[in-house]
Amino acid sequence: MSNVKIRDIRAILTEPSPGARFTVVKIETTEPGLYGLGCASLRTRPKAVKAAIDDYLRPFLIGKDVADIEDIWQSAYVSSYWRSGPILNNALSGVDEALWDIKGKMAGMPVYDLIGGKAREAAAVYAHASASTVEEVEDQALGFIEEGYHHVRVQVATPGFATYGASGGEARDRDPQDGPNWITTKTAPADDRYAYAQRAGVFEPKPYMRSAVALLERMRSNIGWKVELLHDVHERLPTILAVDFAKEVEPFKLFFLEDLLPPHETAWFERVREQCSTPLSIGEIFNNPLEIVPLIHGRLIDFVRTRLSPIGGITPARKYAAMAELMGVRTAFQGPGNVSPVGQSAHLQLDLNISNFGVQEEAIYNDLTKEMFPGSPEIRDGFMWSNGEPGLGIDINEELAAKYPHNEEGGGHFDNVRRADGTVVRP
Ligand code: MG
């Protein structure tokens, strides 16, 4: 009991950079000037999340004691009877993170302190080296190493085919807030705010596998072993080819191979484990405990790569992380440029506290975003640093945010990638 109650809740939608369609929840309290922020960013369906917050969670939660985070999480989670899913969990995450922000402010502590303190000074982040040729990827990776990064994800275009995470056209600059998916290529039309790295085009698994293996060979032969390499398959391979691919990249000793399988085919991880020791990560589109719990319990993966908002925020993430610690599994929370700085601050709180932290995906925010979100985590020398301020240590300039509403033209969908025969491939 704190006698401080939830006075109001609302969703704030803003897009300070193309594709960075943020949804931030603001909880105001009965204590003048005391409020909290949380991230509910689901860039493909933000209006549905907003409705879940403003129309359903708001009336359910007004008047509740801000101290009771666990009770609020549990009661809100079952208040819809049907639960989980990216819409409801993102909405719940916005509330949950805002309540942790408030609790930290009331205690005068950063959230990482509130939950036990630091296990490390800063969180190692990985950078994205993505280009149309192996030479360009190598140049980018060398640049990151020069900047102090110890972890680099490498993706290269497959000549003549659509590829996840790298342009098949001209080389691209490293644009601020590029997630692995978002690009502004020199070949994309200037007014196309929703050009995707993978482009609409034909994907075929074997050409992709060959180009990815050639890239990793080049990285190890030219750059050597002074950097950890990561690679994302993005669920695109048929299952037996996924097993084959994990075996084939084993000699390159990746930090992890990401999303080798889609959520509904993860039983195949057992086959992968029988064949090789390539470290595996998965989880960015997970939104139900049934997806991640068996993989942790069975020690079938090495990194929990969930994003906090689609699983419901800090409260459930702490539990998954603790379970993973006991099973010898590490974390690698998803944090591309479409996670708001509020969400990335929440990731950082856990990254600093949990003992089984592995790595954090970095988001590079542009100057406008940093102005809009004072206190955004700083990335320096390949690490993300906290400002040590109470709560999540971040604020929002709502007037500025209101000037950059979501661009509705994109429709929020991923362009479909297809096989040569027209069959849809996972994004
Ligand atoms: Mg990914």
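Between which two helices is the loop that holds Gly85 found? In this predicted model, Gly85 lies in the loop that runs between helix H2 (69-79) and helix H3 (86-107). Gly85 is classed as buried because its relative accessible area is 18%, and a residue counts as buried when that value is under 20%. When residues up to four places away in sequence are not counted, Gly85 touches Asn287 and Pro310. With Asn287 the separation along the chain is 202 residues, whereas the C-alpha atoms of Gly85 and Asn287 are separated by 5.4 Å.

Towards the N terminus of the numbering, three strands form an open antiparallel sheet in the order E1-E2-E3. Strand E1 (6-14) and strand E3 (35-39) are the edge strands, each of them pairing on one side only, and the twist from one strand to the next averages 20°. The antiparallel pairing of E1 with strand E2 (residues 22-29) extends over eight bridges, and within this pairing Leu13 has Thr23 of E2 as its bridge partner. Helix H1 (residues 46-61) packs on the sheet, where it touches E1 and E2, and the direction of H1 makes about 175° with that of E1.

A further part of the model is built around helix H5 (residues 134-147), whose 14 residues should span 20 Å at 1.5 Å a residue; the end C-alpha atoms of H5 are 20 Å apart, so the expected and computed values agree. The buried residues of H5 are Val134, Val137, Glu138, Gln140, Ala141, Phe144 and Ile145. Because these residues cover an arc of only 165° around the axis, they are placed on the same side of H5. The face turned away from this buried side carries the exposed residues Asp139 and Glu146. Against the buried residues of H5 pack strand E4 (123-131), strand E5 (151-156) and helix H6 (205-223). After H5 comes Gly148, which has a positive phi, near 115°.

Strand E5, one of the elements against which the buried residues of H5 pack, is itself mostly covered, with six of its six residues buried. From E5, His151, Arg153 and Gln155 point one way, while Val152, Val154 and Val156 point the other way, and all of these residues are buried. E5 runs parallel to E4, and six bridges join the two strands; in E5, Gln155 stands opposite Ser130.

The model also contains a magnesium ion, which is coordinated by Asp232 (OD), Glu258 (OE) and Glu284 (OE) at 1.9 to 2.4 Å. Along the chain, the donors of the magnesium ion follow the spacing D-x25-E-x25-E. Of these donors, Asp232 belongs to strand E6 (residues 228-232) and Glu258 to strand E7 (residues 256-258), and this pair, 26 residues apart, links distant parts of the chain. Asp232 and Glu258 are both buried.

Definitions and conventions. Residues are numbered from 1 along each chain as its sequence is written. This is a predicted model: local features need pLDDT of at least 70, side-chain atom pairs count only at pLDDT 80 or more; totals for chains, interfaces and linings use all residues. Side-chain values use heavy atoms; hydrogens and water are left out. Two strands pair if DSSP finds at least two bridges between them. Helices (H or I, at least four residues) and strands (E, at least two) are DSSP runs, numbered from the N terminus. Axes are lines fitted to C-alpha atoms, for helices over the stretch in contact, and angles run from 0 to 180 degrees between N-to-C directions. Contact means heavy atoms within 4.5 Å. Donors are N, O and S atoms within 2.8 Å of the metal (3.2 Å for Na, K and Ca); water is not among the atoms, so sites may look incomplete. Buried means under 20% relative accessible area, exposed over 50%, partly exposed in between (1.4 Å probe, protein chains only). The expected span of a helix is 1.5 Å times one less than its number of residues. The arc is that of the directions from the helix axis to the C-beta atoms.
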